[in-house]
Each structure stands twice: as C-alpha cells, then as structure tokens.
Amino acid sequence: MSESKQIVFNKIQRPFIISGPCSAETEQQVLQTAKELKEIGGVNLFRAGIWKPRTRPDSFEGVGVIGLPWLQKVKEEYGFKVTTEVANARHVDLCMKHGIDVLWIGARSTVNPFVVQEIAEALKGTSIPVMVKNPINPDLALWIGAVERLQKVGLTNLAVIHRGFSNLSEKYYRNTPQWQIAIEFISHYPEIPIICDPSHICGRRDILFDVAQKAMDLGYLGLMIESHIDPDNAWSDSAQQIKPPKLNSFLHELVYRDTHADDAVIQNELVRLRDKIDQIDDAIIQLIVERMLIAKDIGVYKKAHNMTIFQAKRWAAILKRMHILAEKGGLSGDFITQYIKAIHDESIDQQERVMKDEN
Ligand code: PEP
Ligand code: MN
C-alpha cells in the first residue's frame, strides 16, 4: 500500500465511520459482514477483533491468527482498510505481516503501562496509524500516558476512542460515558482526533443513537459501531451489535453539524453542566426510591396496628415544613405544593398496595 493512501487521522473528513463485528468468528461471517457494509456505503474502516480480551476465562477469546487472512480478503474483495485490536508485541508483528492497516489498543490494555510500553516498542520505526481506547477505569492520566508512550517511540498518526468507563452501580449504560473525561482529553490534546464507540458505552442496541448523536454534536471525528450479520447469535457482545442495514439507517438519521472551535467550547461547557444535572437527577430518583421503601415499611406497620393510611395531621405538617424550606431556597410555593403532593400521592399508592397485599 502506498504511503499516500494510508489513513491519516488528522487529515480525514468527519464523520469517519468504523464498523464490523466485535469478533471475527468465521471466514464466511467476516466476508459477508464486509459485503453488506460495502453495499450500504458510508463505512471508512472495517473492524473485527481477532484476539478478544474477555473479563472471565472460558469465554470465546477470539479466533487468533487464522483470522488475519480473512481480513486480508476483506481488503482484496471489498477494498476496505482493516483494523483489529493488539494487546502484545506478537499481535503487532502478526498484524504488520498480514497488512492490517490500522491497529487499536483496547481498554483493558490501556490500563496497563507495561502492556502499552511493550506494544509501543514493537511499533517503533513503523508509521502505522494507531487508535487508543480509553482505559476501563476513569483515569485520564492513564489514557494520556498511553498516548505519550506511543508518541515517544515516534508514532504521530494517532487517534483515541472513547468507549466509556466501567462503573459497578451503573444500570443504564454498560460503560458510563463520563463525557467530561473525554472533553478533558480533547483539551489536553486538541490535535488528536477522538472517535466515539457507542457500542461499548451502551452495551445494548436501543440506546446507541443518542450516544452517537451526542458525540457528533461534540465534534468527534467519527464513530466505531459494531455490526454483525446475525447479532443475536454473535459469539461476543451480541446485545450491542446491529445488522448492516440498521447501521445504514442509523448513519442517515444522524445529524452532522459543522463544528467550529467556538461551538466546541460552548458545547463542552454545556456538557459539563448537564453532566452535573444528570448526577443530581440520579441522586433525586435514588432518594425518592428510598423514601418509597420507607413509606412501604410504614404501610406494613399501619396495617399491623389497624391504622388508616392517610393521616391528615402528618400531611399538613409535611406541607408546612416543605414550604418553609422551599421559600428559603427561592422555590415557588406552587411548585413545592405540586412536588410534595406528587410524592405523597405515590407514597399513599405504595402503602395501599401493601394494605391489599399486592407486594
Ligand atoms: C472491542 O472493541 O471489541 C473491545 C473489546 O473493546 P474495549 O477494549 O473497548 O472493551
Ligand atoms: Mn465488542
């Protein structure tokens, strides 16, 4: 491949779309996915994991080196540039021998400076483009450190991939985006393009779009989205992969706004503030859930003592106390009446269910 045709991250146009299966499973699956992605158009780089870092042993750990010729066939038959994950020096050497165009370092490798250093040394003297996923844990310094190790061996054609951060208590996302960390990365390295990986952030198909759109609104270079010809039967990450035709409609629905430096600054500030609001909303819901659990306990107690659910005096006292607090905080009386009434109604409903033995 001639040097001029190599992907140069800070020269390509947005949106730069990377797609393909989480894992290469069989030659037929890889080639059929590539065929369908070629047909829909709009995909700039074909991905497939050859070596898969899995959290637990005995999961499918990738087909290994036999999958590399499949990626070569994807290049030959469909003209795609191809990329895969490398996690050690041997992977790097094998990829170089098989003409893999772009490499990426996975989230479980970015966390480990020994691993990144080994990969960096194996890459020394090459000019291959490399993408660095954020580390699993929300540690900006580790992400920056990985990029620095690659820069120190002379690599200049770099991009980073934002794939979210693991969070044990998170239910909505598989990996919480924590946009503010990505934004800090961008501020630190404005010249390194950032790509969003909604698949690993979301872990499920139904919410991919909003994450992808947000990344586009923030001026990210592009997206890495996993696609599979038969997602439900995928050997890894089946809940988050989409079929190529779905990717096609998805890419057409996304709005790609022009980004200017000023927009990015304004957007970044908005994201920072909205993240704070989201955190507060999460905490409010959590507190309301806890409040309802206590209301239910009270329901059990009232039932045992043959008391009525609605206690007028208690309600009047709550209302009065809330109004005093609200006024101090500059909230309107109407708002606080509606708010506390909604909460109180829900508590009563929950207690009624306890009385009727519904739960
Ligand atoms: C992947 O891209 O399939 C992958 C394993 O990603 P991550 O390193 O982000 O978990
Ligand atoms: Mn995956």
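Arg 174 is a good place to start: with a relative accessible area of 35%, this residue is partly exposed. In this predicted model, the side chain of Arg 174 meets that of Asp 237 in a salt bridge, at 3.1 Å from N to O. Arg 174 sits in the loop between strand 6 (158-162) and helix 7 (179-188), while Asp 237 sits in the loop between strand 8 (222-226) and helix 10 (244-253), so the bridge ties together parts that are 63 residues apart in sequence. Asp 237 itself is buried, at 16% relative accessible area.

**The chain as a whole**

Let's zoom out for a moment. The chain has 359 residues, and 45% of them count as buried. Its secondary structure comes to 13 helices and 8 strands. Measure the C-alpha trace along its principal axes and you get about 80 × 45 × 40 Å.

**Salt bridges**

How many salt bridges does the structure hold? The count is 10, and the Arg 174 and Asp 237 pair is one of them. Another joins Glu 27 to Lys 73, with the closest N and O atoms 2.6 Å apart. Glu 27 belongs to helix 1 (residues 27-40) and Lys 73 to helix 2 (residues 68-78), so this pair connects parts that are 46 residues apart in sequence.

Then there is Asp 197, whose side chain meets that of Lys 133 at 2.7 Å, N to O. Here too the partners come from distant parts of the chain: Asp 197 is in the loop between strand 7 (194-196) and helix 8 (198-202), Lys 133 is in strand 5 (residues 130-133), and the two are 64 residues apart.

Are Asp 197 and Lys 133 buried or exposed? Asp 197 is buried because its relative accessible area is 0%, under the 20% cut-off. Lys 133, at 5%, is buried as well. Here is how the partners in these bridges come out:

| Residue | Relative accessible area and class |
|---|---|
| Glu 27 | 28%, partly exposed |
| Lys 73 | 31%, partly exposed |
| Asp 197 | 0%, buried |
| Lys 133 | 5%, buried |
| Arg 174 | 35%, partly exposed |
| Asp 237 | 16%, buried |

**Helix 6, end to end**

Helix 6 (residues 140-152) is worth a walk along its length. Its 13 residues, at 1.5 Å a residue, should span 18 Å, and the end C-alpha atoms are indeed 18 Å apart, so the two agree. Asp 139 caps the N-terminal end: one of its side-chain oxygens lies 3.1 Å from the backbone nitrogen of Ala 141. After the helix comes Gly 154, which has a positive phi near 100°.

Which residues of helix 6 are buried? Leu 140, Leu 142, Trp 143, Ile 144, Ala 146, Val 147 and Leu 150 are. In an α-helix there are 3.6 residues a turn, so residues three or four places apart point the same way. That is handy to keep in mind when you look at the spacing of Trp 143, Val 147 and Leu 150, which are among the buried ones.

Take Ala 146, which is found in helix 6. This alanine is buried, at 2% relative accessible area. If you want a feel for the distances in the model, compare its position with Lys 302: the two are 156 residues apart along the chain, and their C-alpha atoms are separated by 60 Å.

**Aromatic pairs**

The rings give 10 aromatic pairs. In one of them, Phe 9 and Phe 16 have their ring centres 6.2 Å apart and their planes at 85°, so the pair is edge-to-face. Phe 9 is buried at 1% relative accessibility, and Phe 16 is buried at 3%. Tyr 172 and Tyr 173 also pair edge-to-face, with centres 4.9 Å apart and planes at 85°. Tyr 172 is partly exposed, at 41%.

Trp 143, which we met among the buried residues of helix 6, turns up again here. Ring pairs link Trp 143 with Phe 165, Phe 185 and Tyr 189 into a cluster.

**A nonpolar patch**

Finally, the surface. Ile 285, Val 289 and Leu 293 make a nonpolar patch of about 270 Å². Leu 293 has its place in helix 11 (residues 261-304), and with a relative accessible area of 48% this leucine is partly exposed.

Methods:
Residues numbered from 1 in each chain as written. Chains lettered and ligands numbered in written order. Predicted model: local features only at pLDDT ≥ 70, side-chain atom pairs only at ≥ 80, totals over all residues. Heavy atoms only, no water. Patch = residues over 30% accessible without salt bridge, like charges linked within 9 Å, V, L, I, M, F, W, Y side chains within 5 Å. Areas by Shrake-Rupley, 256 points an atom, 1.4 Å probe, with all protein chains shown as cover. Salt bridge = Lys/Arg side-chain N within 4 Å of Asp/Glu carboxyl O. Helix = DSSP H or I, 4+ residues; strand = E, 2+ residues; numbered from the N terminus. Buried < 20%, exposed > 50% of the residue type's maximum accessible area, 1.4 Å probe, protein only. Expected span 1.5 Å × (residues − 1). Polar contact = N/O pair within 3.5 Å; in protein donor to acceptor, adjacent residues only side chain to side chain. Phe/Tyr/Trp six-rings, centres within 6.5 Å; stacked < 30°, edge-to-face > 60°.
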